[in-house]
2 protein chains.
Amino acid sequence: MANSPELRERNLGLVLTEICRPAAPGAPAPARSQIARRTGLHKTTVSQLADELLAAGLIVELPPLAAARSGRPTLPLAPNPGRLAALGLEINVEYLGLKAIDLTGAVLAERHDAADQRGSDPARTLARLADLARDVVARLARRGTPVVGVGLALPGLTTTAGDRLALLNAPNLGWRDLDLRPFEARLGRPLKLDNEANFAARAELRLAGPDPAERSFVYLSAEAGIGGGLVSDDVLTAGLHGWAGEVGHVMIDPDGPVCACGARGCLETYAGRRAIARTVGLPASARPEAVLAAVAADPAAAKRFDDVVAALATGLAGVLNLLDITQVVLGGDYAVLAPVLAEPLRSALQRRTLAARWGGAEVTVRPARVATTPAALGAAWAVLDQVLANPAAYF
Amino acid sequence: MANSPELRERNLGLVLTEICRPAAPGAPAPARSQIARRTGLHKTTVSQLADELLAAGLIVELPPLAAARSGRPTLPLAPNPGRLAALGLEINVEYLGLKAIDLTGAVLAERHDAADQRGSDPARTLARLADLARDVVARLARRGTPVVGVGLALPGLTTTAGDRLALLNAPNLGWRDLDLRPFEARLGRPLKLDNEANFAARAELRLAGPDPAERSFVYLSAEAGIGGGLVSDDVLTAGLHGWAGEVGHVMIDPDGPVCACGARGCLETYAGRRAIARTVGLPASARPEAVLAAVAADPAAAKRFDDVVAALATGLAGVLNLLDITQVVLGGDYAVLAPVLAEPLRSALQRRTLAARWGGAEVTVRPARVATTPAALGAAWAVLDQVLANPAAYF
DNA sequence: GGGGATAAGTTTATGACATCTACAAATACT
DNA sequence: AGTATTTGTAGATGTCATAAACTTATCCCC
């Protein structure tokens, strides 16, 4: 942002972002004048930029809205549906997921391919995923919707340092050291890579309201392990290698059981899927729905489930205090368990959080708004965020 | 950064920041051409901006440097010493501190007023501090150096939400709900307010090298309690209320002793000043220097000190993993204990950190570079950062 | 039903800004 | 001494957001 073209790029992005922002329920699509007020840009500038976006087909002008007040009625602007799309892919322990969205956020295509990927052959799985992706890309192309980029969510540690694009380690898949440049080449489109929880957190952030407390949260994604994404004031914390948010290996008890990571008493050994099932008195392979049913029906199971809540509260209290955040979003298995998990966890955290004790803040614990393949959705949004940041690159 | 004047403001700040950046040892002050290369701005742009800064007296042109290579010799640019200053104030449990610095980073004035502030009368202490400050401001004014702003570091939770400027709670001082607007008015200059550890972390960040791993760290400040500042990729994490970094209340053991905060097993109850002294076998009021001597001399004390290291390692491993950071900076009492603390803590963290295990990263634990009143220094830098961000406001 | 009042959006002109091109200055190398 | 090389400056240029004036389209009220 040092010279005029970059200033233009930035402002063009600002205007498009404003047009693509999810409207508050009941609110009409924004018009030029409103965008000018919200961005601080002059209305002339907004008009110019909007003209450019209209000419490029990225946005459309809607029919004038019956004016509520006096004055000339507004011409609402909205993203052009189907003008371009982004593809989000997700490899999870139990399924392959795909979501394609356009700038309106509408889901243009969706795939959910249930299959246990534990110990699977990476080459086979990636080939299967590439087939799914190519099929969707071809369908969208026939409808005139180009796919401008692909995001891939993986349940493990990834790296994009230097010119690398690789999965380093996904213990729950049994995958290691997997170069993803060939996969990117096969798709023929730029590939964005990140952890499953980080992408899912992005998808949630997209739906968060304007309140700062709502735009800061810890996203928890429990499947085989516990993943996490940290969002602080609209920004996803990445860390040095992009591995921030690994809540699963916060220490709960120094004398606890040994974790797969080598340490003792990790949160994962108390509140991971298998641990929860065992604690409640079900076989370790029990699904979260079964756990929910047991806890809801059986008082003894409910009592044992308290230990899980306590462990989560212990781990999360530290996280919330450390980052001065007051919201926890439950994803993955935790979303399923939310009916029996959210409220007890909230009240425990309310007691243990410094911001609540000293600042009167309210702790919120809620299930994720995105229910299916959230990481795929977030991966697609990560691609579209690039479009929003520099629309002219996609004219 | 939406229009031309703001672009100018930004670029002017970029150039001044580059000129005020602490040079690598042995490196000469940067010339216009080098600034152009580093900022990406055109050399004519840099010349124009430098002229403005020269005219305003914020920078000076040094005598030409004997050229090492062929070509015209460079005219190094440097911040103008004494052109303006910022004042940093620190109220700590055991002393009042003051540091005044100019854009070169030179300390123009320094005060250290040892006095136990526990249970002191806030009004008296603030009056004393204001006297110190006014004396220094007057002295600097006589030398022609205006003080453009004041930063105040407090050992507790502060708030600047809305138009407030207040200390909410400083348990170790016994202070609560203290409005600082009157203090600001008495100084007659804008007051920046923050936690002691956050400001101290800023001072350390200022001295960090260019390596990203060096510019991300957890700053620990142990006095009566344990404060902390989180710096992730050059950015100090604030959190919703600005209270992020409270490492002292990370849970170490769910069955541990009850902490003053109400929870059980907080890090503070294992690695706070009193806890350390007691663990080592000294009276709870023992100073860290005495602890260091005991641990260095007495093998039994050293053995017991291992428990402190273990507690810190447990708490910090979670922090480092959560934020994907590999550096810990020891401040306050911990800086004193560094000779017996840094290495054992480092090796424990090296074993427990995911980035080290999976990514081959090296964990660093080192004492703070700033020894005396680090928070006062950081508070002063926080003020000067505003000058660097918008120099024209101080012409 | 006609004349403000009001707000949205456009047209034309303006001024600020970074950059580009060309050039002058000052040194090292041969 | 001459040439290459790098720094820094001067004047011209094109881009960009903005300002002022104007048009368009509604509501409100008499």
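1. Domain bounds, as used in this note, come from an automatic or database domain assignment. For chain A of this predicted model, that assignment gives three stretches to follow along the sequence: domain 1 covers 4-79, domain 2 joins 85-200 with 374-394, and domain 3 covers 209-367. The C-alpha centres of domain 1 of chain A and domain 3 of chain A lie 40 Å apart.

2. Turning to the pair of protein chains, the contact between them takes 46 residues from chain A and 46 residues from chain B. On the side of chain B that touches chain A, the elements giving two or more residues are helix H1 (4-20), strand E8 (166-170), helix H10 (299-323) and helix H12 (354-359) of chain B. The largest share of that side comes from H10(B), with 7 residues. Sorted by class, the side of chain B that touches chain A holds 26 nonpolar residues, 15 polar residues and 5 charged residues.

3. How are the two copies arranged with respect to each other? A turn of 180 degrees, with a shift of 0.1 Å along the axis, lays chain B on chain A with an RMSD of 0.1 Å, and the two copies are therefore related as by a two-fold rotation axis. In chain B, the C-alpha nearest this axis belongs to B:Asp253, at 2.8 Å from it. The same surface serves both copies, since 100% of the contact residues of chain B recur in chain A.

4. The surroundings of DNA strand D draw on both protein chains, with 32 residues around the strand, of which the closest are A:His42, A:Ser70, B:Asn3, B:Gly71 and B:Arg72. Two or more residues of this surface come from each of helix H1 (4-20) and helix H3 (43-55) of chain A, and likewise from each of helix H2 (32-39) and helix H3 (43-55) of chain B. The most is given by H1(A), with 5 residues. By class, the surface near DNA strand D has 10 nonpolar, 16 polar and 6 charged residues.

5. Two packed helices are described by the angle between their axes and the distance between the axes. For H2(B) and H3(B), the axes come within 9 Å and cross at roughly 120 degrees, and the crossing of H2(B) past H3(B) is right-handed. Where they meet, H2(B) brings B:Arg32, B:Ser33, B:Ile35 and B:Ala36, while H3(B) brings B:Lys43, B:Val46, B:Ser47 and B:Ala50. The residues of this contact divide into 4 nonpolar, 2 polar and 2 charged.

Notes: Residues numbered from 1 in each chain as written. Chains lettered and ligands numbered in written order. Predicted model: local features only at pLDDT ≥ 70, side-chain atom pairs only at ≥ 80, totals over all residues. Contact = placed C-beta atoms within 7 Å. Helix = DSSP H or I, 4+ residues; strand = E, 2+ residues; numbered from the N terminus. Nonpolar A, V, L, I, M, F, W, Y, C, P; charged D, E, K, R; others polar. Least-squares fit on C-alpha atoms with pLDDT ≥ 70 in both. Near = placed C-beta within 6 Å. Axes fitted to C-alpha atoms, helices over the stretch in contact; angles between N-to-C directions. Left-handed = near helix turned anticlockwise from the far one by under 90°.
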